[in-house]
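Here's a quick briefing on the aromatic pairs and the overall make-up of this chain. Have a look at the structure first, then read on.

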Amino acid sequence: MPMTADEIAPLLATALSRSSHEGARIVALHWLHSLTAARAQWQLATMEAEAMGDGTTPHQGSIDALHQARVALRRLRATLHEHRDTPELREGGRIRRSLRRLGAATGAPRDHDVQRDWLVTERDHLPVDARDEADALLHTIAAGSRKDRAAVSRAFARDFDPIVARLAGRLSRYCLPHSVGREGISIPFARLLADRIDRGSAHLRHDIGMVCDVGSQKILHRIRIRLKRQRAMLAPFARTHPAIGAWYDKATEGQDLLGAMRDASVLALRAHDEHHEALVRALHDTTIAHFERFSEYWCGDADVIARLKDAAALALRSMPVTRGKRFGDLPDGHGLPMEIERKFLLHGLPPHAAMAPSHLIEQGWLPGTMLRERLRRSVSPNGDERLTRTIKLGQPGERIEVEEPTEPDLFAALWPLTANARIRKRRHVVREGSLTWEVDVFLDRDLVLAEVELDDVGQPIEIPQWLSSFIVREVTHETAYLNSVMAQRDGASPDRGSR
């Protein structure tokens, strides 16, 4: 019988230490069950939207479910592709075609959701002559919303529902050939994963070396796909070792930049078709800015990228067991994980930060007095969703921080409990030398904060020129600017007017 989601969840934590045959199947089943859950959420959200009777405005639940489905589908296909030399993981023709059609059907509404979000967020920052064009294009996108979502529902029914049981059954069992009188050879899944990373990153480095300018669209698309596959392989294990997490985060940064560039280019083509030339020019400038950042931090950092990849592969090859980030199971000599940061109040969003890739973040805190657990949903520019649970202990500026990924089902069960303590913000991430600045634009209040994480309390920092003129003052040790405090409806709620 096919394995259930409840049976797969505990196996995922041990997948790296199992044989390559088991580990690859466990990961594939994990993404298949994630896709099944997202498909059910999509169906429910679609029914709720139809009951509301407004087909032009996408239901937030359907947008969230579609993001989850896209991520799970993409990672399922990447897992099957990377392990296609294993016979049972080699999709049959029907399964391969069905998953490809489902990806195409879910891609159009995802693109439209991203385009709508970009136009709404960036409208006021556009040149005056492009704002009316942005409004007109928003209206056009909204008009096609019902058609897009109807196509997704048909694709799930036609291309996913008929194959899910068959695919789950194939992934849940396997047979190994064995020669009489000879010992069988079992390669750990962690070793296989390390080999896959080495192979994929060698192709990645070759492609990066071929990038000439923003016109190298085919090569940039190939790089984006390679980064997606690297991330899909590592996603379930990104926090089991610092070196694996560092390579995963670097790949995420590159994919986000290329995804934002691709989204701007696609929207520019649509604006051109609608004869919105002022908007086309603004989107072209955005595309160039994203390319320049990718060129600076990827094309110019070949040695850094190689070291990060090599460290991740070495960590996998030397990993005897899968280790989670828990209080009682931390690496010797490292102590408790610490968050050391400095935070600044800004009077607005710096243009330099506005051009950087941004994540939409929703945070909520479970009820508690001494101990308050945070839930976070972060959606990257390309629609990837990351769900985490976090506990922080200590005073602002230097706190113990323990964080771990969480499953969509558990997140969905806990999220309603945070109803009285939530915030929403858009985070722009800007690398400056060895530091990474995070500029948060809060969507539920008039507030912009910038923060930078440090390795040591006494570490000196140099305020970047693009940021310095926007700083009102440092608020590192002001508890009123803690997200957990601002999220309380009856607590302090400062804004950028607080000097």
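**Surface, fold and ring pairs**

The chain exposes about 23,600 Å², with carbon and sulfur atoms supplying 54% of that area. Keep in mind that this is a predicted model. Out of the 499 residues in the chain, 52% are buried.

**Overall make-up**

- Going by secondary structure, you get 15 helices and 9 strands in the chain.
- Take the contacts between residues at least 6 apart in sequence: 72% of them join residues at least 24 apart.

**A tilted pair across the chain**

- Searching the whole structure turns up 4 aromatic pairs.
- One of them is Phe344 with Trp437, a tilted pair at 6.0 Å centre to centre and 45 degrees between the planes.
- This pair ties together distant parts of the chain, since Phe344 belongs to strand E1 (residues 338-346) and Trp437 to strand E7 (residues 435-442), 93 residues apart.
- Phe344 and Trp437 are both buried.

**A stacked pair with an arginine over one ring**

- Phe411 and Trp415 also pair up, this time stacked, with 5.4 Å centre to centre and 15 degrees between the planes.
- Phe411 has a relative accessible area of just 2%, and buried means under 20%, so Phe411 counts as buried.
- Trp415 comes in at 13% relative accessibility, so Trp415 is buried too.
- Arg377 sits over the face of Trp415, 5.5 Å from the ring centre.

How values were computed. Residues numbered from 1 in each chain as written. Predicted model: local features only at pLDDT ≥ 70, side-chain atom pairs only at ≥ 80, totals over all residues. Heavy atoms only, no water. Phe/Tyr/Trp six-rings, centres within 6.5 Å; stacked < 30°, edge-to-face > 60°. Helix = DSSP H or I, 4+ residues; strand = E, 2+ residues; numbered from the N terminus. Buried < 20%, exposed > 50% of the residue type's maximum accessible area, 1.4 Å probe, protein only. Lys NZ or Arg CZ within 6 Å of the ring centre and 35° of its normal. Contact = heavy atoms within 4.5 Å. Areas by Shrake-Rupley, 256 points an atom, 1.4 Å probe, with all protein chains shown as cover.
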